[in-house]
Amino acid sequence: MARLIASLGLTSLEELLDHANRHPDRYWRSAIDVLGIRWRRDYAVFLDLADGIQFPRWFVGGELNWLDTIFAHGMADGAGRPAVIATDEAGGTRQVTYAELRAQVARFAAGLARRGLRRGDRVGLLMESGTEAVVSLLALSWLGAVAVPLFSGFGVDAIVSRLSACEARALIATSGFDRRGRRIDVKPLLREARSQLPTLELLILKGSPEEVGAMPQAVAWGEVGDAAADEGMAGKEPAGMAPDEPMMVIYTSGTTGKPKGAVHTHGGFPLKIAHDAAVHLDIGAGDVFFWPADMGWVAGPLTIAAALMRGATLVCYDGAPDFPDWSRLSRLVAAHRVTHLGASPTLIRGLAGNAALATAAPLDTVRLLITAGEVIAPEHMVWYQRHMGRGTCPVINYSGGTEVSGALVANVLLRPIVPAGFNCISPGVQVDVVDDAGQPVRDRVGELAILQPFVGMTQSFWRDRERYLETYWAQVPGIWMHGDLAMRTSDDMVFLLGRSDDTLKVAGKRLGPAEVEDVLLELPEVSEAAAIGVEDAAKGQKLVVFIVPAPGQPSGPALAARAAAAVESRLGRPFRPARVHIVGDLPKTRSQKVMRRVIRRVYAGENPGDLGSLDNPPAIERIRAAAQETG
């Protein structure tokens, strides 16, 4: 960040933020230079709004491929630097250098081309975190094909709906993976999905010869990238791409209706992530970045781009973070000398609940901590900093979304960091907190809104412009309403309070679910909590909460009463929960986000919508049983 400020001839962060808003073209020109982004042909026009602010075209006339920037780190003295270190649940570890990574990607791309894949083809990617997933994603961009990442826990319907929507020609998948010492066989799911996908011509499978042989017409992943393919890519470079050509379609789950396919481009997603990796995460050559993330969510491609675009080493882990016990994360940090560690708030809560094990291995190499994916409570962010960061590492709270590539709001190292808050709107993005009419508000709850187009925003939804406009642009003309409940204080801190469609409106007052959950999580007897609003004739909505007892803690009416009393004491009598349900688990995604909207709809007896991202289906039945108890 300091280098970027100096390159612009400025003297402070405040000047940089103002400059980025008033002169985004100059800001990005300097950022591209500082970040070392490689171009085949320089762009002539920074921004074209001929199709409206909802559909901007960036870097018009330019040509690039984001792999050029990655592989530039493998030149000369960087050739032997580790690019990827991959560890599995059994403890096996493999490492590839930048030079080796380029060779593997070139061979795999050649193998894909020999099997008929071409520029613009959509290709599903259903793989666990590891070297093969990184090589596969990069090889698709080498060809100019479009990656469609899929969550490793998806069921058949979720896979079919996504791949059929984008008419995918191929699927690169794994035969199975290990979770908590148990083998998860993916082959039956792949057989069923393939039978429902008439456009799917090619299945490339990572697995043993026996597993590949058991799948009709499957091609082994290792065969695609074998040495014989070297001749096909001899002397060749990655495809030159226009900045607005798609490099990825990544789907988000909707509460109702089909999933939304956010389209990200070569001149959008990689540039925004490289930018954020530098100015927010302070990642550079020689650093070691570890953020456990499923390849099917935006965090998977984000971690790849953030590490490799900056010349750092990416650590991939395929397994559960608490297996065989909660020391796993710290042991990985120590083994690979991790400098940048990321964790979701839910993972942090799990670590905090098992602090002795979580900090069992040395964490002295960690220089910076990251948290993202959902709202974090102040006490958990403080625990993370004091224990995983030894009380000396800053915590970068980072928030954006699948549709915006990287950060809308985040922390920077040049301002004080407040627990659970964001001390900076990401440079080059104009964001504010507004009321229902789109007017700015301070020191009260509003909605996070994007006021101008920015580098990294989705090009649209895949072949569904109308739904894209309806989702973000219809509420207030000319403003992107992001769907996050937020507060911006008079001293310019931003706090997120949950998704705005999760908002509670009790007795006419709007309340974020995180406000209720933070109170409940302060109780030592509670390990997890979720708050929802249920329709009520008298109050409009009544507050219903679900709590999971902490290990070894008793449950029952006494705990429910203490929870209700705590909320009433802290938030006021009108917000005393109408019901407190004690459950063994809450419905979550594989990335451990609590699925409040699913809880609300199941509790109300409605269709829960797309459950493709659900990691623990039995939790749904517990919510349904709680609703039946209520009557």
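Which residue stands opposite Arg488 in strand 24? The partner is Val494. The model behind this briefing is predicted. It holds 2 cavities of 30 Å³ or more. The topics below are strand pairing, cavities, a pocket, and the helices around them.

**The sheet of strands 21 to 24**

- Four strands make up an open sheet, and their order is 21-22-23-24.
- The pairing in this sheet is antiparallel.
- Strand 21 (431-434) and strand 24 (494-499) are the edge strands, so named because each pairs on one side only.
- Neighbouring strands of the sheet are turned against each other by 45 degrees on average, with direction ignored.
- Strand 23 covers residues 480-488, and its antiparallel pairing with strand 24 runs over 5 bridges.
- Arg488 and Val494, the pair from the opening, stand opposite each other.

**The hairpin of strands 3 and 4**

- Strand 3 (82-88) and strand 4 (93-97) both give two or more residues to a pocket lining, described further down.
- These two strands, 3 and 4, also pair with each other in the antiparallel sense, over 5 bridges.
- Thr87 has Thr93 in strand 4 as its bridge partner.
- Together strand 3 and strand 4 form a hairpin, with 4 residues between them.
- Gly91 sits in the turn and has a positive phi of about 100 degrees.

**The second largest pocket**

- This pocket has a volume of about 250 Å³.
- It is lined by 17 residues, and the closest to its centre are Asp88, Arg94, Glu128, Lys206 and Asp318.
- Besides strands 3 and 4, strand 8 (176-179) gives two or more residues to the lining of this pocket.
- By class, the pocket lining has 9 charged, 6 polar and 2 nonpolar residues.

**The largest cavity and helix 19**

- The largest cavity holds about 140 Å³ of space.
- Its lining has 14 residues, and Arg349, Val375, Glu517, Leu521 and Arg596 are the closest to the centre.
- Helix 19 (513-521) and strand 27 (526-536) each supply at least two lining residues.
- Helix 19 gives the largest share of the lining, 4 residues.
- The lining of the largest cavity divides into 7 nonpolar, 6 charged and 1 polar.
- Helix 19 is itself mostly covered, with 8 of its 9 residues buried.
- Among the buried residues of helix 19 are Glu517 and Leu521, and both are also named among the residues closest to the cavity centre.
- Other buried residues of helix 19 include Pro513, Val516 and Asp518.

**The second largest cavity**

- The volume of the second largest cavity is about 60 Å³.
- Its lining includes Ser129, Phe290, Trp291, Pro292, Met295 and Thr303.
- Strand 15 (residues 313-318) gives the largest share of this lining, 4 residues.
- Leu314, Val315, Cys316 and Tyr317 also line the second largest cavity.
- The lining has 9 nonpolar and 2 polar residues, and no charged residues.

**Helix 12 and Ser426**

- Helix 12 (residues 269-279) is mostly covered: 11 of its 11 residues are buried.
- Its buried residues include the charged Lys272 and Asp276, along with Phe269, Leu271, Ile273 and His275.
- Where does Ser426 lie? Ser426 is in the loop between strand 20 (424-425) and strand 21.
- Is Ser426 buried or exposed? Its relative accessible area is 0%, so Ser426 is buried; the cut-off for buried is under 20%.
- Not counting residues up to four places away in sequence, Ser426 touches Lys272, His275, Asp276, His280, Ala407, Leu408 and Val409.
- Of these contacts, Lys272, His275 and Asp276 are listed among the buried residues of helix 12.

**Helices 2 and 3**

- Two packed helices are described by the angle between their axes and the distance between the axes.
- For helix 2 (residues 13-22) and helix 3 (residues 24-35), the axes come within 5 Å and cross at roughly 115 degrees.
- On the helix 2 side, the contact is made by Leu16, His19, Ala20, Asn21 and Arg22.
- On the helix 3 side, Pro24, Arg26 and Tyr27 meet them.
- By class, this contact has 4 nonpolar, 2 polar and 2 charged residues.

Terms used:
Residues are numbered from 1 along each chain as its sequence is written. This is a predicted model: local features need pLDDT of at least 70, side-chain atom pairs count only at pLDDT 80 or more; totals for chains, interfaces and linings use all residues. Side-chain values use heavy atoms; hydrogens and water are left out. On a 1 Å grid over the protein atoms alone, a cavity is a set of points where a 1.4 Å probe fits but cannot get out, and a pocket is an open set with protein on both sides within 12 Å along at least five of seven lines; lining residues have an atom within 4 Å of a point. Grid points are joined across faces, edges and corners, and a volume is the space filled by probe spheres set on the points. Axes are lines fitted to C-alpha atoms, for helices over the stretch in contact, and angles run from 0 to 180 degrees between N-to-C directions. Buried means under 20% relative accessible area, exposed over 50%, partly exposed in between (1.4 Å probe, protein chains only). Contact means heavy atoms within 4.5 Å.
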